[in-house]
Amino acid sequence: MKIFLADTEATLGLGIALGESLPPGSVILLEGDLGAGKTTLVQGIGKGLGITEPIVSPTFTLINEYTEGRLPLYHLDLYRLEPQEVLSLNLESYWEGVEVTPGIVAIEWAERMPYKPDSYLSISLTYGDEGDRQAEITPFDCAIDKIIAVIDSRILQVGSQNSV
Ligand SMILES: Nc1ncnc2c1ncn2[C@@H]1O[C@H](COP(=O)(O)OP(=O)(O)OP(=O)(O)O)[C@@H](O)[C@H]1O
Ligand SMILES: [Mg+2]
C-alpha cells in the first residue's frame, strides 16, 4: 500500500499507528534516500509504543534500545556499514528474540543487509515534488490486515485534522 505523507506530522502519525499495533517480534526494514524520513517514522513508532525518551538517530551507535514502552524498541542504522560488517552484528538475535526480549526491530538503511528475516514489513520512503513524502508499505510473510485497518483510521484522523 502507498501512503501520502504531507509533512513531518504525517510521517510521525504513520509511525504512531505502527507502534500502537505491531506485535512483538515485528521487523520493519526502512529504505529511502538521505533525509527521506526514516528516523522520523521510528520516532513515531516510539511514541506509539509509549516511549517518552527522545529517539535519536543511531547513525554512530548503530543500535539504540528503548525499553520503557509497551514493547522494547530496537532501532538500528546501517548507513555506515558494508554488508560484510552487517553480517558480524548477528542481527537475527533481535528478531529471533532468544537473547533479547522480543520487541519491535526498526532498521534504517536496510538495503545494506546481506540477508533478511523470514517475515518483515518493508517501508520505502520517497520524496514527493512538493517537499512531501510517500511511503510504500509491503508485507513479506506477515499479516498486516489489522495494521492496515489501524493505519487507515489514523490516516483518516490526520486528514480530518488537516482539513480543519
Ligand atoms: N512527510 C514529510 N514531509 C516533509 N518533511 C518530512 C516528512 N517526514 C519527515 N520529514 C523531515 O525530513 C527530515 C529528515 O528526516 P529524517 O531524519 O527522519 O530522515 P532519515 O531518512 O532518517 O535521514 P537519514 O538518511 O539521514 O537517516 C526531517 O527534518 C523531518 O522532519
Ligand atoms: Mg535517519
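## The sheet

Seven strands make up an open sheet of mixed pairing, arranged in the order S1-S7-S6-S2-S5-S4-S3. Strand S1 (2-5) and strand S3 (63-66) occupy the edges, and each has a single partner strand, so one side of each lacks a neighbour in the sheet. From one strand to the next, the twist averages 20 degrees. The model described here is predicted.

At one of these edges, S3 pairs with strand S4 (residues 73-77) in the antiparallel sense, over four bridges. S3 and S4 form a hairpin, with six residues between them. Within this pairing, Asn64 has His75 of S4 as its bridge partner.

## Helices on the sheet

Helix H1 packs on the sheet, where it touches S1 and strand S7 (133-140). The direction of H1 makes about 140 degrees with that of S1.

Helix H2 lies across strand S2 (26-32), S3, S4, strand S5 (104-108) and strand S6 (120-127). Relative to S5, H2 runs at about 165 degrees.

## The contact between H1 and H2

Two packed helices are described by the angle between their axes and the distance between the axes. For H1 and H2, the axes come within 6 Å and cross at roughly 45 degrees. H1 is therefore oblique to H2, since angles from 35 to 65 degrees fall outside the parallel and perpendicular ranges. The crossing of the two helices is right-handed.

Residues of H1 that meet H2 include Thr8, Thr11, Leu12, Gly15, Ile16 and Gly19. On the side of H2, the residues involved include Thr40, Leu41, Gly44, Ile45 and Gly48. By class, the contact of H1 with H2 comprises nine nonpolar, ten polar and two charged residues.

## The surroundings of ligand 1

There are 18 residues around ligand 1, of which Leu5, Gly37, Lys38, Thr39 and Thr40 come nearest. By class, the shell around ligand 1 divides into four nonpolar, nine polar and five charged residues.

Helix H1 (8-21) and helix H2 (38-49) each supply at least two residues of this shell. Thr40 is one of the residues nearest to ligand 1, and Thr40 also takes part in the contact of H2 with H1. Leu5, another of the nearest residues, falls within the range of edge strand S1 (2-5).

Notes: Residues are numbered from 1 along each chain as its sequence is written. Chains are lettered from A and ligands numbered from 1 in the order in which they are written. This is a predicted model: local features need pLDDT of at least 70, side-chain atom pairs count only at pLDDT 80 or more; totals for chains, interfaces and linings use all residues. A residue is near a molecule or strand if its C-beta atom, placed from the backbone, lies within 6 Å of it. Ala, Val, Leu, Ile, Met, Phe, Trp, Tyr, Cys and Pro count as nonpolar, Asp, Glu, Lys and Arg as charged, and the others, Gly among them, as polar. Two strands pair if DSSP finds at least two bridges between them. Axes are lines fitted to C-alpha atoms, for helices over the stretch in contact, and angles run from 0 to 180 degrees between N-to-C directions. Two residues are in contact if their C-beta atoms, placed from the backbone, lie within 7 Å. Angles under 35 degrees count as roughly parallel, over 145 as roughly antiparallel, 65 to 115 as roughly perpendicular and the rest as oblique. A crossing is left-handed if the near helix is turned anticlockwise from the far one by less than a right angle, and right-handed if clockwise.
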